[in-house]
Amino acid sequence: MTCSVARQLEWGTVSSSTAASGIDPIAEAAPLSLCARAPHVPADRLVAEMVPPPRFDSVRFATYIPDPNQPSQTEAVRVLDDFATGLGGAHASGSGRRRLFGFGKAPKTPAGPRGVYLDGGYGVGKTHLLASLWHATPAEPELKAFGTFVELTNLVGALGFQKTVQTLSGHRLLCIDEFELDDPGDTVLVSTLLGKLVDAGVALAATSNTLPGKLGEGRFAAADFLREIQGLSAHFRPLRIDGEDYRHRGLPAAPAPYSDEQVTKAAYATPGASLDDFPHLLEHLARVHPSRYGALTDGLGAVCLTDVQPVPDQSTALRLVVLADRLYDREVPVLASGLPFDQLFNEEMLNGGYRKKYFRAISRLTALARDAKGLVEA
């Protein structure tokens with residue numbers, strides 16, 4: 001079973017779609033294949049990459065454009081700007097020379113939640129605001145950490161719990177994007193980790209589509225882990241952000257899928273493009289830990305997919321959500337044939353406990369499909 005036209009060429013065969021597109025495989029370099037990649041991410045890279053992803057490297061509060069019909073968006077900018085300013089003093093654990101040698105007392109951690117939690121639907125700009133908070137916080141980059149929830153849990157897996165606590169305890173701010181609890185193990189792990197970091201004086205900020213007190217609902221027996229969930233909620237001040245998906249605000253409908261021949265030809269003509277058959281890519285994702293999906297997309301100029309079909313099951317769907325997030329973070333356009341992206345997930349999925357994740361994936365993939373229009377010759 002092959003993963004892409006590139007693999008077929010490597011094995012000495014050429015697909016019918018390649019022949020039909022009129023491509024001379026000798027004249028043009030074969031595209032890459034995501035299915036041929038199995039990245040290993042060392043622990044030091046995990047720590048070094050805890051910064052806002054490329055798409056959000058240059059965002060600031062000033063570049064966030066609030067919807068004039070949604071006052072909560074303007075209010076969110078004000079609250080977060082004040083929150084960043086309040087983090088300008090010494091580390092709450094009393095780090096510094098006097099504390100290092102044990103002289104004097106550490107200042108008390110401020111009363112009340114030492115964190116802010118951005119809650120809202122997909123596409124209201126929560127990640128933009130979270131990254132802006134990271135940039136606005138007056139501290140050196142090595143004293144601030146930014147990562148997705150899955151990246152944080154993977155960091156614990158790579159370093160071990162105590163080492164992760166030690167590594168992050170000296171930080172002034174930890175930003176956690178896409179905060180959602182999908183299983184009881186993560187609930188206990190993250191509850192314990194964040195409790196220790198708050199005790200060490202680390203300020204927290206997170207984004208999610210679910211209020212902190214509602215995490216886990218519809219995905220596992222959240223009532224059995226109510227203490228942990230309530231403990232997590234106590235660390236945060238919820239900040240609701242209302243609005244519609246800015247990625248599609250006032251824009252035309254997403255482009256229709258292209259033919260296999262158009263996608264294949266574009267893959268050969270685009271430097272750094274990958275070309276994969278969608279069902280085979282889904283199979284490959286099951287063999288790569290989601291924390292490595294960022295590394296899976298390293299150096300890509302575009303992702304070209306043939307034969308996009310409905311996702312067969314929820315485990316596969318959740319892996320695809322993570323890949324969509326990493327592609328969006330890295331601004332990698334996605335060109336596809338087969339079904340449009342709004343038909344990836346069935347009605348049961350879109351009405352279930354993970355529905356907000358799936359709608360986010362559809363939104364982001366649709367935006368990346370728009371970005372890919374220029375790859376196809378008119």
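## Basis of the description

Two strands count as paired if DSSP finds at least two bridges between them. The structure described here is a predicted model. Its protein chain has a mean pLDDT of 81, and 75% of the residues reach 70 or more.

Two stretches call for caution. Over residues 92–111 the pLDDT stays under 50, and the model gives this stretch 15 contacts beyond four places in sequence. Residues 215–226 likewise have a pLDDT below 50, with 28 contacts in the model beyond near neighbours in sequence.

## The three-stranded sheet

Strands E6 and E7, the latter covering residues 302–308, run parallel and are joined by 5 bridges. Within this pairing, aspartate 276 has leucine 305 of E7 as its bridge partner. Helix H12, residues 278–285, packs on the sheet and touches both E6 and E7. The direction of H12 makes about 110° with that of E7.

The sheet as a whole is open and consists of 3 strands in the order E6-E7-E8, with parallel pairing. Its edges are formed by strand E6 (273–277) and strand E8 (334–338), each of which pairs on one side only. On average, neighbouring strands of this sheet are turned by 15° against each other, direction ignored.

## The five-stranded sheet

A second open sheet is built from 5 strands in the order E2-E3-E4-E1-E5, again with parallel pairing. The edge strands are E2 and E5 (237–241), and each of them pairs on one side only. Neighbouring strands here are turned by 15° against each other on average, with direction ignored.

Strand E1, residues 115–120, runs parallel to E5 and is joined to E5 by 5 bridges. Aspartate 119 stands opposite arginine 240 of E5. Helix H7 packs on this sheet, where H7 touches E2 and strand E3 (173–177). The direction of H7 makes about 110° with that of E2.

## The second largest cavity

A search of the whole structure yields 2 cavities of 30 Å³ or more. The second largest cavity holds about 80 Å³ of space. The elements that contribute two or more residues to the lining of this cavity are H12, E7 and H14. Of these, H14 supplies the largest share, with 4 residues.

The lining comprises Phe278, Leu281, Val303, Leu305, Leu320, Leu323, Ala324, Leu327, Val334, Phe341 and Leu365. By class, the lining divides into 11 nonpolar residues, no polar and no charged. Leu305, listed in this lining, is also the bridge partner of aspartate 276 in the three-stranded sheet.

## The second largest pocket

The second largest pocket has a volume of about 380 Å³. It is lined by 22 residues, of which Glu49, Val51, Pro53, Glu151 and Arg330 are the closest to its centre. The lining divides into 10 nonpolar, 5 polar and 7 charged residues.

Several elements give two or more residues to this lining: helix H3 (43–48), strand E2 (144–148), helix H7 (149–159), helix H13 (293–296) and helix H14 (314–329). The largest share comes from E2, which provides 3 residues. E2 is also an edge strand of the five-stranded sheet, and H7 packs on that sheet. H14, in turn, contributes to the lining of the second largest cavity as well.

Notes:
Residues numbered from 1 in each chain as written. Predicted model: local features only at pLDDT ≥ 70, side-chain atom pairs only at ≥ 80, totals over all residues. Heavy atoms only, no water. Axes fitted to C-alpha atoms, helices over the stretch in contact; angles between N-to-C directions. Contact = heavy atoms within 4.5 Å. 1 Å grid on protein atoms, 1.4 Å probe; cavity = no way out; pocket = protein on both sides within 12 Å on 5 of 7 lines; lining within 4 Å. Points joined across faces, edges and corners; volume = space filled by probe spheres on them. Nonpolar A, V, L, I, M, F, W, Y, C, P; charged D, E, K, R; others polar. pLDDT = per-residue confidence, 0-100.
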